[in-house]
Amino acid sequence: MRGRSLWQTAGAAERRGVGQCEATCQPPRKGKVLTGPNQCRPPPDAPSHLPRFCRVVPETPPQPGCPCGILLYALNMHLTITQGGTVAVNPPWKCDQCGHPIQTVEDGWVEWLNGMTDERSEGTLHELRLVHHRNASPHRERATACYHDEDEWFRTNRYTVADLPLSCFVGPDGLVTLLAWLADKRFADPNQVLEMIKRLHVPNYEAARLSFDAAIAGGAFEPRSTPTYYDQEELAAVLEWMREQDAS
């Protein structure tokens, strides 16, 4: 690994598709976020859009000699390669059609409905969804796989389907794309875009989002912010509550 940055090493591992570093260690594992002083800091060459520190307590530490495993373990994130470079992502995501996990960026597809009938673009987009790419879909043999049924939508609402690979929406460039949609007021319901931003760009949000109400009712944490806009401490509390429910 001499002469290569930690991020280059981790990126090379991700390209090999095994999530392991050159030291042939175990895949990076996730840690439990704490409010205490245990802190780990990414190196100076880490991408600037990542958080500058995170707080973790190791559950099962990576093998010794694996810097990329330690870092990804600490950040509770993974790396993927896009046209914009190496970016951090938070898989798996839940497919909005079939409910099965989307394990990698390459397996994901983002789609929406276009109702524009004239030059006006404001408020003409609808039903923003994250689904499986056909090749990764459990229903790939179906005509529509996990995608919107364009024929049905056009017949009932005169909507057409627009879509792009998930890779277009991760990393800083993907975030800017989603923010531009908000600025241009393209979606009739801007909350759909805000939700996609949280799912793709807020660590732990996707894993916890479907259990918010149950975790709060179960006393996991006392909400102190706008519903669904929870910080990392609150999200960690939800994940801990989920683990406790699974163990009981």
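The dialogue below reads a few features of a predicted model, one at a time.

Q: What does the secondary structure of the protein chain consist of?
A: The protein chain has eight helices and 10 strands. Of its 248 residues, 38% count as buried.

Q: How much area does the protein chain expose, and what share comes from carbon and sulfur atoms?
A: About 13300 Å² is exposed, and carbon and sulfur atoms supply 51% of it.

Q: Among contacts between residues at least 6 apart in sequence, what percentage join residues at least 24 apart?
A: In the protein chain that share is 55%.

Q: How should I read the open sheet, and in what order do its strands lie?
A: Read the order across the sheet, then the sense of pairing. Here three strands are ordered S9-S8-S10, with antiparallel pairing. S9 and S10 (160-165) are the edge strands, each with a single partner, so one side of each has no neighbour in the sheet. From one strand to the next, the twist averages 25 degrees.

Q: How many bridges join S8 to S9, and how many join S8 to S10?
A: Strand S8 (residues 108-114) pairs with S9 over six bridges in the antiparallel sense. S8 and S10 are also antiparallel and are joined by six bridges.

Q: Which residues stand opposite one another in these pairings?
A: Between S8 and S9, the bridge partner of Glu 111 is Arg 129, and that of Gly 108 is His 132. On the S10 side, Val 110 stands opposite Leu 164.

Q: Where do side chains of a regular strand point?
A: In a regular strand they alternate between the two faces of the sheet.

Q: Is S8 largely enclosed or left open by the rest of the structure?
A: S8 is largely enclosed, because six of its seven residues are buried.

Q: Is Arg 129 buried or exposed?
A: The test is relative accessible area, with buried meaning under 20%. Arg 129 has 10% relative accessibility, so it counts as buried. This residue is found in strand S9 (residues 125-132).

Q: Which side chains make polar contacts with the side chain of Arg 129?
A: One is that of Glu 111, at 2.6 Å. The Arg 129 and His 148 side chains are joined by another polar contact, of 3.4 Å. Glu 111 is thus linked to Arg 129 by a side-chain contact and is also its bridge partner.

Q: What else is in contact with Arg 129, leaving aside neighbours within four places in sequence?
A: The list of contacts includes Asp 96, Gln 97, Trp 109, Val 110, Cys 146, Tyr 147 and Met 196.

Q: What is found at the start of helix H3, and what follows the helix?
A: At the start of H3 (residues 150-157), a side-chain oxygen of Asp 149 comes within 3.3 Å of the backbone nitrogen of Asp 151. After H3 comes Arg 158, with a positive phi near 65 degrees.

Q: Why do residues three or four places apart in an α-helix point the same way?
A: An α-helix has 3.6 residues a turn, so such residues face the same way.

Q: Where is Gln 232 found, and which residues does it contact?
A: Gln 232 is in helix H8 (residues 232-247). Its relative accessible area is 30%, so it is partly exposed. Leaving aside neighbours within four places in sequence, Gln 232 is in contact with Val 202, Pro 203 and Asn 204.

Q: What separates Gln 232 and Asn 204 along the chain and in space?
A: They are 28 residues apart along the chain, with C-alpha atoms separated by 7.5 Å. Their side chains make a polar contact of 2.9 Å.

How values were computed:
Residues numbered from 1 in each chain as written. Predicted model: local features only at pLDDT ≥ 70, side-chain atom pairs only at ≥ 80, totals over all residues. Heavy atoms only, no water. Helix = DSSP H or I, 4+ residues; strand = E, 2+ residues; numbered from the N terminus. Buried < 20%, exposed > 50% of the residue type's maximum accessible area, 1.4 Å probe, protein only. Contact = heavy atoms within 4.5 Å. Areas by Shrake-Rupley, 256 points an atom, 1.4 Å probe, with all protein chains shown as cover. Polar contact = N/O pair within 3.5 Å; in protein donor to acceptor, adjacent residues only side chain to side chain. Pairing = 2+ DSSP bridges. Axes fitted to C-alpha atoms, helices over the stretch in contact; angles between N-to-C directions.
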